[in-house]
Amino acid sequence: MNRPYNFSAGPAAIPAEVLETAAAEMLDWHGSGMGVMEMSHRGKEFIAIYEQAEADLRELLAVPAHFKILFMQGGGLAENAIVPLNLSRAATVDVVVTGSWSQKSQKEARKYASEVRVVASGEGSHFTTLPDPSTWQLSRGASYVHLCSNETIHGVEFHELPDLQALGSDAPLVIDFSSHVASRPVDWSRVGLAFGGAQKNLGPAGLTLVIVREDLLGHALPACPSAFDYKVVADNQSMFNTPPTWGIYMAGLTFQWLKRQKEGDATGIAAMERRNIAKAQLLYSYIDQSQLYLNKVAPNARSRMNIPFFLRDESRNDAFLAGAKERGLLQLKGHKSVGGMRASLYNAMPLAGVEALVSYMREFEQHQA
Ligand code: PMP
């Protein structure tokens, strides 16, 4: 089946092979007589799905043994509260503000921490640059440092995570990796906790992934709901409450798809990273030489996943989107807070999709002239 190319920022495209497997197994998973949505989360069938998904993710992302993988609900925004409820110890929280999502994180943390300090901000450049870690004013004794490693709206991405210890902070680093999880490897030696909603690169909305270092468990504030206490969730293998079973199953199929991916001699996440670099390079280099399109983000901060761009003649926006839709290039409209266009190039977007987009953009630009 020839599907259109879907550039949505999330919920986003899912690999066709994953959807086909899910469709084939919808009514009867592996001869059990049940669909996955109909199974008890405590039955042997679902436990097998869960254990496979966890093991595959651990292998793909090379998650060390002293980190727990939690499958939760609530999405990225709920984690903005759940993280300080678990980690803040009601003390100071440091936040690096690099766009809309970390801005929201710092506001939410204020409800739970005694103090939230914005230790660096990209606001002065309208979030088109990332503040250099050497300039961050880190607090002494902060309970954690939050950063959003890929800002989905502004299209800025940390291509290297900061080494907080080298910067003089003993605090664990918390990253919101919602919109680039599984697009590249993670340096776990620099991370205390990573969280992300599944609906961009892992599967359907409703599943939230949390990967947390074991020593950070067990410090929740008394007011923290039990279902959001990472230690309770970890001690119960993510089954203190009913987990998002369908999301875990779909993410599990996506992990198996990821394990099958190859680019040259690279497989899995390394293969995805190569492909994602090539996809992003193709689009940015076209935009940069164009007279019509513009991306304002500093080259070293540009996201591989979310590429916002503008038409210099904004009166052409609607025509651009309509023509794109006619050619099977969907959901290119930019976020309402910044306007313009945005192409999200998550793992499920093949290079051919970006080639089709660039060729349409070229055609549209030539018709302008
Ligand atoms: N963080 C980032 C980086 C995001 O892109 C999003 C959603 N676009 C969120 C948090 C919020 O996630 P949710 O809607 O799942 O709460």
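**Arginine 42, salt bridges and pockets**

Leaving aside residues up to four places away in sequence, arginine 42 touches Ile47, Met239 and Phe240. The model examined here is a predicted one, and arginine 42 is a convenient place to start, as the residue carries a record annotation. In UniProt, an unreviewed entry assigns the annotation "binding site" to Arg42. On the chain, arginine 42 sits in the loop that runs between α1 and α2. With a relative accessible area of 53%, arginine 42 is classed as exposed, because the exposed class begins over 50%.

Attention turns next to charged pairs. Side chains of opposite charge can pair when their charged atoms come close. Across the model, 18 salt bridges are counted, and a few of them are described here in turn.

Helix α2, which spans residues 44-60, holds both arginine 58 and glutamate 54. The side chains of these two residues, arginine 58 and glutamate 54, form a salt bridge with an N to O distance of 3.5 Å; this pair counts because the cut-off is 4 Å. The spacing between arginine 58 and glutamate 54 is 4 residues, or about one turn of the helix. Arginine 58 has a relative accessible area of 22% and is therefore partly exposed, since the buried class is reserved for values under 20%.

A pair with such a spacing is found in helix α5 (residues 230-235), where lysine 231 and aspartate 235 are 4 residues apart, about one turn of the helix. The closest N and O atoms in the salt bridge between lysine 231 and aspartate 235 lie 2.8 Å apart. Both partners fall into the partly exposed class: lysine 231 has a relative accessible area of 35%, and aspartate 235 has one of 47%.

Another salt bridge links the side chains of aspartate 265 and arginine 274, with 2.9 Å from N to O. Aspartate 265 is exposed, at a relative accessible area of 68%, whereas arginine 274 is partly exposed, at 41%. Besides these pairs, Asp56, Glu59 and Lys259 are joined into one network by salt bridges that share partners.

The pockets complete the picture. The largest pocket encloses about 440 Å³ of space. Its lining consists of 20 residues, and those nearest the centre of the largest pocket are Arg3, Pro4, Ile14, Ala16 and Ala348. Two elements, β1 (5-6) and α1 (16-24), each contribute at least two residues to this lining. Of the elements, α1 gives the most to the lining of the largest pocket, namely 3 residues. Sorted by class, the lining of the largest pocket comprises 14 nonpolar, 3 polar and 3 charged residues.

For the second largest pocket, the volume is about 270 Å³. This second largest pocket is lined by 14 residues, with Leu130, Pro133, Phe158, Glu160 and Asn300 closest to its centre. The lining of the second largest pocket divides by class into 7 nonpolar, 2 polar and 5 charged residues.

Key
Residues numbered from 1 in each chain as written. Predicted model: local features only at pLDDT ≥ 70, side-chain atom pairs only at ≥ 80, totals over all residues. Heavy atoms only, no water. Buried < 20%, exposed > 50% of the residue type's maximum accessible area, 1.4 Å probe, protein only. 1 Å grid on protein atoms, 1.4 Å probe; cavity = no way out; pocket = protein on both sides within 12 Å on 5 of 7 lines; lining within 4 Å. Points joined across faces, edges and corners; volume = space filled by probe spheres on them. Nonpolar A, V, L, I, M, F, W, Y, C, P; charged D, E, K, R; others polar. UniProt positions renumbered as here; feature names shortened; annotations may be inferred. Contact = heavy atoms within 4.5 Å.
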